[in-house]
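I opened a structure file today and kept notes while I looked things up. The entries follow the order of my lookups.

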Amino acid sequence: MYNKQIWQPTADLTTLQYRAKVFHKIRAFFYEREVLEVDTPCLSLGSISDPHIEVLSTQTKTLGKHVTYYLQTSPEYAMKRLLSAGAASIYQLGKVFRAEEIGRRHSIEFTMLEWYRLGFDHWQLMNEIDDLLSVLTNDVIISERLSYQDAFLRHVGLDPFSASLLDLQQCCHQHTEYGLEEMDRDTLLELLFTTLIEPQIGQNQPCFIHSYPASQAALAKQQIESSGARTAARFELYWRGMELANGYFELTDAKEQQQRLQEDMAQRAEHHKMWRQVDERLIRALEKGLPDCAGVALGVDRLLMLLLKETHIDAVIPFAGAHA
């Protein structure tokens, strides 16, 4: 039976008014910069390949056949199809969905701001994010920039590129009691990053972590550092212990993207995760030609939590959890 008060919103009306003002400021920011707002589908016949993200799906009948549609975890693929079709710089502010555990910072439905800037690399995009945060906070925001390698050296005492697997296993076990049986370097690095680095960065000012290992490139270009290490041209933004954004200097090579999708799906199979239809239309779009661009996805609800000093995501969403 429903709780009698479950009809009420989880965010108070003052918060919803503030939320609306933030949305207005975001749209005004991009309007002034001539970045076009687009509205891509929440449901698609294809999904992402990422082995670490689970999706929600639904089935319907079309011409007598059962067809699976996937709720989108990000508008990325559709927005890149628009860019490949000739669109200029674009942004989208809307709902996305992820089948993950509901918690203090996680909701299966949340609001994402994603944008792509033609002719930008990831360094220029970091500058624009600072500009946007400055507008939303009515303050001058200049974020710290810290490489993935320097973050590990400073807060873990290991070089993520040269440390042996045994070093990573032992360090994980020392700090988390896990890791001795783990054979995947990226899993160990992620555990160390979450445990030892994330709580330390972005406390006084937002912090961009950049130059991730090439194995964590996702949909970003790769680059060679002066040290010879191969890294990903991507960044993540952290502020007061919260991961806010993930950005790339976007991969435009269709063959390399196809290979990465196949590797992702092989990982999913290896870990016995559910098969899903990968959206090959992204590859066709890249074959047509995706212009050089940088893109970023920013969690708006998490940003609102920080701006309003709220400790739970439900407090900034009109109807969250069991109230939805």
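These notes go from the whole chain to its empty spaces, then to a few single residues.

**Entry 1: the whole chain**

I noted at the start that this is a predicted model. I then looked up the secondary structure and found nine helices and 12 strands in the chain. The radius of gyration is 20 Å, close to the 20 Å that the globule rule gives for 324 residues, so the chain is as compact as a globular protein of that length. Along the principal axes, the C-alpha atoms fill a box of roughly 55 × 50 × 50 Å.

How much of the chain is buried? I read that buried residues make up 48% of the 324 residues. I also looked at contacts between residues at least 6 apart in sequence, and 68% of these join residues at least 24 apart.

**Entry 2: the cavity**

Next I looked for empty space. Rolling a probe the size of a water molecule over the atoms shows where such space is left. The search of the whole structure gave one cavity of 30 Å³ or more. I wrote down about 40 Å³ as the space in the largest cavity.

Which residues line the largest cavity? I listed Thr40, Pro41, Cys42, Gln72, Ser74, Pro75, Gln92, Lys95 and Val96. By class, this lining divides into four nonpolar, four polar and one charged.

**Entry 3: a pocket**

I went on to the second largest pocket, which has a volume of about 180 Å³. Its lining includes Lys95, Ile102, Ser107, Ile108 and Glu109. From later in the numbering, I also noted Asp314, Ile317, Pro318, Phe319, Ala320, Gly321 and Ala324 in the lining of this pocket. Sorted by class, the lining has seven nonpolar, two polar and three charged residues. Lys95 is on my list for the pocket, and Lys95 is also on my list for the largest cavity.

**Entry 4: the cysteines**

How many disulfides are there? I counted zero disulfides, taking a pair of cysteine sulfur atoms within 2.5 Å as the rule. Cys172 is in no disulfide, and the nearest cysteine sulfur, that of Cys171, is 6.3 Å away. Cys172 counts as buried because its relative accessibility is 0%.

I then checked Cys207. The closest cysteine sulfur to that of Cys207 is in Cys171, and because the two are 19 Å apart, they are too far for a bond. Cys207 is buried, with a relative accessible area of 0%.

Cys171 had now come up twice, as a neighbour of Cys172 and of Cys207, and I looked up its place. Cys171 lies in helix α5, which covers residues 165–176. With a relative accessible area of 8%, Cys171 is buried. Leaving out residues up to four places away in sequence, Cys171 touches Val156, Leu158 and Leu192. Cys171 and Gln8 are 163 residues apart along the chain, and their C-alpha atoms are separated by 47 Å.

**Entry 5: Tyr18**

My last lookup was Tyr18, which sits in helix α1 (residues 13–32). Is Tyr18 buried, partly exposed or exposed? I found Tyr18 partly exposed, with a relative accessible area of 26%; the cut-off for buried is under 20%.

Tyr18 touches Leu136, Leu304, Leu307 and Leu308, not counting residues up to four places away in sequence. I also looked up Val316, which is 298 residues from Tyr18 in sequence but 9.4 Å away in space, C-alpha to C-alpha.

Note on methods
Residues are numbered from 1 along each chain as its sequence is written. This is a predicted model: local features need pLDDT of at least 70, side-chain atom pairs count only at pLDDT 80 or more; totals for chains, interfaces and linings use all residues. Side-chain values use heavy atoms; hydrogens and water are left out. On a 1 Å grid over the protein atoms alone, a cavity is a set of points where a 1.4 Å probe fits but cannot get out, and a pocket is an open set with protein on both sides within 12 Å along at least five of seven lines; lining residues have an atom within 4 Å of a point. Grid points are joined across faces, edges and corners, and a volume is the space filled by probe spheres set on the points. Ala, Val, Leu, Ile, Met, Phe, Trp, Tyr, Cys and Pro count as nonpolar, Asp, Glu, Lys and Arg as charged, and the others, Gly among them, as polar. Buried means under 20% relative accessible area, exposed over 50%, partly exposed in between (1.4 Å probe, protein chains only). Helices (H or I, at least four residues) and strands (E, at least two) are DSSP runs, numbered from the N terminus. The radius of gyration is taken over C-alpha atoms; the globule rule is 2.2 Å times the number of residues to the power 0.38. Contact means heavy atoms within 4.5 Å.
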